[in-house]
Amino acid sequence: MESLDLKMPKYMVYCVVIACLGSFSNGWVIGSANVPGEVTHACENGSAHVSSGAFPDCLPMATGLWGFAVSAFCVGGLIGGLFGGNIQTKFGRKKTIIFNNLGWILGGLLQGVAVNPAMFIVGRILCGLSCGLGSLATPTYVGEISTIKARGTMGTCNQFAIVIGILLASVIGLPLASVPLWRINYALVAIPAIAQFFLMSGCVESPRYLVSINRIEEAKESLQRLRPNTNIDKEFFGMVEGQLGTAAARVITGMDSASINKDDAKSFDDQIEDGVVTGEEGVRESMNMIQIFKDPLIRRIALTVLALHVIQQLIGMNAVMYYSTTIFNMSFSAEMSKYMAIVTTVVNFASTVLSLILIDRMGRRPLLLIAEAGACLFSVLLIIGYVYNLGALLVVSVFGYVLSFAIGVGPIPWMLTSEVTPVYASSAVGAIATAMNWAMNFLIGQCFPIVFEGIKGYSFAIFAGVAALAFAFTYLKVPETKGRSLEDIVKGFEKSS
């Protein structure tokens, strides 16, 4: 059996699940401040040591400072994402994922034992560093080890784990939303981080990364472990060809592949002498963030990826989640609104499960187009509901918007980042895309409350416009990657350039 026909070998799935523990930690950091947020910064006794002699009951902060404290992890995410490309290129995907857990462990514990706002904010930033680096390393690793037929499903596991983290942080946060238990909710992120720190050592390094640093035999062994009991020759040939060139791939992979002729069995040095291949073919150094914009092909890929990440944030998911509390307060009691916020997270979870099922059946483009059309429609309905004060329409619109976002705009940009970018440029493209994503996340978090205060529900017209532009961009510029090898996807960009 050819490895290209394989779908979900158990060991590959295991490696994906372990890698996505980091995404779960990411989601936990995002969701940990949702439910116990009020008691964290505005409890009855303030900074007095009533419930515990060692720690103050809470960390009194003004609304503005609390908003910055919560979103401080975005600052860490921006920094982690920006430098993450160099880190995963130098140390590899596996080691990066392993040691990335230190930020969650230290940051979570620092938040849990914080005695002043500064300690809490530093803890959020440390967690953010791991969130940013993990946002880059996990999708890259998952995309590089997955089979062609299951790469979409495996890639969606990244977003799925984030959503589970947000959901569990909200649910577990309910009984912990009191003094002094709120501290536990922030510290719990250390548990999945410690688990991943040890379990990830049982996973293989990405074979594509190993090829990129000329550890060819290790790359083949790694791929064989990920594709047990199958013939990996064709898949491995494609990996090597995509990075080192066709002639080099023929020499390196030997005579076993049916696509290789005996006449090509000369040594690599002989082929250089004969003029079959230039000395430069086969040497593809990892690009930095400046070089990716000088190369015409990689520049086109990078701009496509960047646009998808900007769209993911500017389409307004975080703003809708922010506004959802106001919406629920219009239709429900304050206590019920707290539970409705969790229902919203459940809708997000269920929609991500739907995406997990559909992504390798329908493809990336159709799901992304449906998601962007839905986001546009429900943003318009939010405006109508606001203008005419229709509580039921507002609630339905929030759920519809979350559904639309979660089936496409949420998971697909992260997946496409690793799918459309060749390995020698993936770290630089991924780093700048991740940094841009976190920067836009922070921008929305800081600016939307001001915009909403000025024009209220009409602010969703901005997101409707972004969604409409996103639909046009996806239709015209984003290729379908379903059922194609990473190397073939890059060749598609070359042909259409």
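The expected span of a helix is 1.5 Å times one less than its number of residues. The exercises below apply to a predicted model.

**Exercise 1. Helix H19**

Compare the expected span of helix H19 (residues 391-409) with the separation of its end C-alpha atoms, and state how many of its residues are buried.

Solution. Step 1: H19 has 19 residues, and at 1.5 Å a residue the helix should span 27 Å. Step 2: the end C-alpha atoms of H19 are 26 Å apart, which agrees with the expected span. Step 3: buried means under 20% relative accessible area. By that cut-off 14 of the 19 residues of H19 are buried, so the helix is mostly covered.

**Exercise 2. The nonpolar patch**

Which residues make the nonpolar surface patch of about 720 Å², and which helix gives the largest share?

Solution. Step 1: the patch consists of Val380, Ile384, Val387, Tyr388, Leu390, Ile455, Tyr458 and Ile462. Step 2: helix H18 (residues 364-387) supplies the largest share, three residues. Step 3: Tyr388 sits in the loop between H18 and H19. Its relative accessibility is 60%, so Tyr388 counts as exposed. Step 4: Tyr458, another residue of the patch, has 45% relative accessibility and therefore counts as partly exposed.

**Exercise 3. Aromatic pairs**

How many aromatic pairs does a search of the whole structure find? Classify the pairs Phe197 with Phe198 and Tyr386 with Tyr458.

Solution. Step 1: the search gives 13 aromatic pairs. Step 2: for Phe197 and Phe198, the centre-to-centre distance is 5.3 Å and the planes are at 80 degrees, an edge-to-face pair. Phe197 is partly exposed at 24% relative accessibility, whereas Phe198 is exposed at 57%. Step 3: the ring centres of Tyr386 and Tyr458 are 5.8 Å apart with planes at 80 degrees, so this pair is edge-to-face. Step 4: Tyr386 belongs to helix H18, and Tyr458 to the loop between helix H21 (423-455) and helix H22 (460-477), so the pair ties together parts that are 72 residues apart in sequence. Tyr386 counts as partly exposed at 28% relative accessibility. Step 5: elsewhere, ring pairs join Trp66, Phe120, Trp182 and Tyr186 into a cluster.

**Exercise 4. Val343**

Where is Val343 found, and what is the separation of its C-alpha atom from that of Thr246?

Solution. Step 1: Val343 lies in helix H17 (residues 334-362). Step 2: with a relative accessible area of 34%, Val343 is partly exposed. Step 3: Val343 and Thr246 are 97 residues apart along the chain, and their C-alpha atoms are separated by 52 Å.

Conventions:
Residues are numbered from 1 along each chain as its sequence is written. This is a predicted model: local features need pLDDT of at least 70, side-chain atom pairs count only at pLDDT 80 or more; totals for chains, interfaces and linings use all residues. Side-chain values use heavy atoms; hydrogens and water are left out. Helices (H or I, at least four residues) and strands (E, at least two) are DSSP runs, numbered from the N terminus. Buried means under 20% relative accessible area, exposed over 50%, partly exposed in between (1.4 Å probe, protein chains only). Patches are made of residues with over 30% relative accessible area and no salt bridge: like charges are joined within 9 Å, nonpolar side chains (Val, Leu, Ile, Met, Phe, Trp, Tyr) within 5 Å. Accessible areas come from the Shrake-Rupley method with a 1.4 Å probe; for residues, only the protein chains shown count as cover. A salt bridge is a side-chain nitrogen of Lys or Arg within 4 Å of a carboxyl oxygen of Asp or Glu. Rings of Phe, Tyr and Trp (its six-membered ring) pair if their centres lie within 6.5 Å; planes under 30 degrees apart count as stacked, over 60 as edge-to-face and the rest as tilted.
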